[in-house]
2 protein chains.
Amino acid sequence: MENDIAKHIKPLRLGALPEDMRLALKNAREKRGWTQRGLASRLGLTQTHISGIESGKIVPRYDTLLELVRILDSDLLMVPRALVPVVQSLIRDHARPDQGEGDDRSLYADDTDEESNKEPRDEV
Amino acid sequence: MENDIAKHIKPLRLGALPEDMRLALKNAREKRGWTQRGLASRLGLTQTHISGIESGKIVPRYDTLLELVRILDSDLLMVPRALVPVVQSLIRDHARPDQGEGDDRSLYADDTDEESNKEPRDEV
DNA sequence: GGTGTTGATATAGTTTAGTATATCAATTGG
DNA sequence: CCAATTGATATACTAAACTATATCAACACC
């Protein structure tokens with residue numbers, strides 16, 4: 001039987017962004033009425049690339065993800081473990097200030113900031 | 001003269017982690033009494049690599065940075081812009097609960113969690 | 001039906017993260 | 001003084017992000 005199970009047993013590295021984050025990115029983009037092509041050109045990236053990131057085919061570099069996240073009006077912060085739950089609560093509250101204040105819902109909360117930033121007149 | 005100035009004018013991408021973050025990572029590592037080699041072997045990385053990241057020679061992938069940050073008892077969170085200042089304050093307060101509660105100090109606060117995880121007896 | 005847009009995917013190429021190994025200056029400690 | 005440790009750095013290689021281009025199914029909309 002050759003016992004081929006897990007040939008190298010190495011790729012313990014994600015292989016894709018966590019689904020939560022991917023959805024948050026996608027939602028934030030769509031909420032702004034941007035297409036993958038539109039977002040890509042704003043950042044000087046390719047549609048292929050954005051698609052790969054959103055659909056979990058690749059895991060971007062830190063700088064790439066940071067640009068992505070920032071153009072979508074968020075940021076990437078390094079938070080001490082002890083504070084993570086609190087910060088996550090803050091984020092969820094910010095997203096839907098109506099819902100009950102639980103503690104482990106879906107995370108990342110797709111940024112309901114209600115600002116119609118249409119018009120991709122940016123060009124680079 | 002050929003006008004060679006800025007051949008492609010392209011590399012608008014960081015080229016290194018923000019210094020704040022690099023220092024935070026380095027401090028967190030040292031606070032634990034770990035060497036670059038120790039940390040590297042815990043993560044299955046190389047000392048060369050860690051050195052490159054800490055000294056700003058390279059910008060890691062998201063997954064790599066996440067592992068790094070996590071083994072140092074922090075996490076990487078996607079935070080809506082509107083919440084960034086609040087979260088940063090929380091982080092600073094957590095780091096030094098004595099200092100005055102200003103709003104724009106040095107950021108990232110090198111995780112003063114006071115846990116002596118010494119013992120780098122890892123070898124490889 | 002036809003035209004256009006959107007997101008996914010294929011192929012082929014470039015760039016850079018990441019490996020493996022080794023060396024070296026600056027420490028530190030016996 | 002010598003030996004060991006630490007962080008940086010050099011070289012050569014591999015893996016994966018990222019580009020450029022093009023195609024295609026699904027969906028709209030006229």
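**Close-up views of a predicted protein–DNA model**

**View 1. Phosphate contacts on DNA strand D.** In Gly44(A), a backbone N or O atom sits 3.2 Å from a phosphate oxygen of DNA strand D, a polar contact (a pair of N or O atoms within 3.5 Å; within protein, one must be able to donate a hydrogen and the other to accept it, and residues adjacent in sequence count only if both atoms are side-chain atoms). Thr46(A) places a polar side-chain atom 3.4 Å from a phosphate oxygen of the strand. From chain B, the side chain of Gln36(B) has an N or O atom 2.6 Å from a phosphate oxygen of DNA strand D. This is a predicted model, in which local features need pLDDT of at least 70 and side-chain atom pairs count only at pLDDT 80 or more, while totals for chains, interfaces and linings use all residues. Residues are numbered from 1 along each chain as its sequence is written, chains are lettered from A and ligands numbered from 1 in the order in which they are written, and side-chain values use heavy atoms, with hydrogens and water left out.

**View 2. The protein surface near DNA strand D.** Here 20 residues surround the strand, and the closest include Thr48(A) and Gln47(B); near means that a heavy atom of the residue lies within 4 Å. Of the strand's atoms within 4 Å of the protein, 67% belong to sugar or phosphate and the rest to bases. H3(B) gives the most to this surface, with three residues; helices (H or I, at least four residues) and strands (E, at least two) are DSSP runs, numbered from the N terminus.

**View 3. Asp63(B) and its surroundings.** Look for Asp63(B) in helix H4 (residues 62-71) of chain B. Asp63(B) is buried, with a relative accessible area of 1%, where buried means under 20%, exposed over 50% and partly exposed in between (1.4 Å probe, protein chains only). Its side chain makes a polar contact of 3.4 Å with the side chain of Thr64(B). Leaving aside neighbours within four places in sequence, Asp63(B) is in contact with Arg13(A), Leu14(A) and Val59(A), contact meaning heavy atoms within 4.5 Å.

**View 4. Where chains A and B meet.** In this view, 40 residues of chain B are in contact with 40 residues of chain A. The area buried between the two chains is about 4,000 Å², with carbon and sulfur atoms giving 69%; buried area is the accessible area (1.4 Å probe) that two parts lose on being put together, summed over both. Tyr62(B), Leu77(B) and Met78(B) supply 23% of the area that chain B buries against chain A, more than any other three residues.
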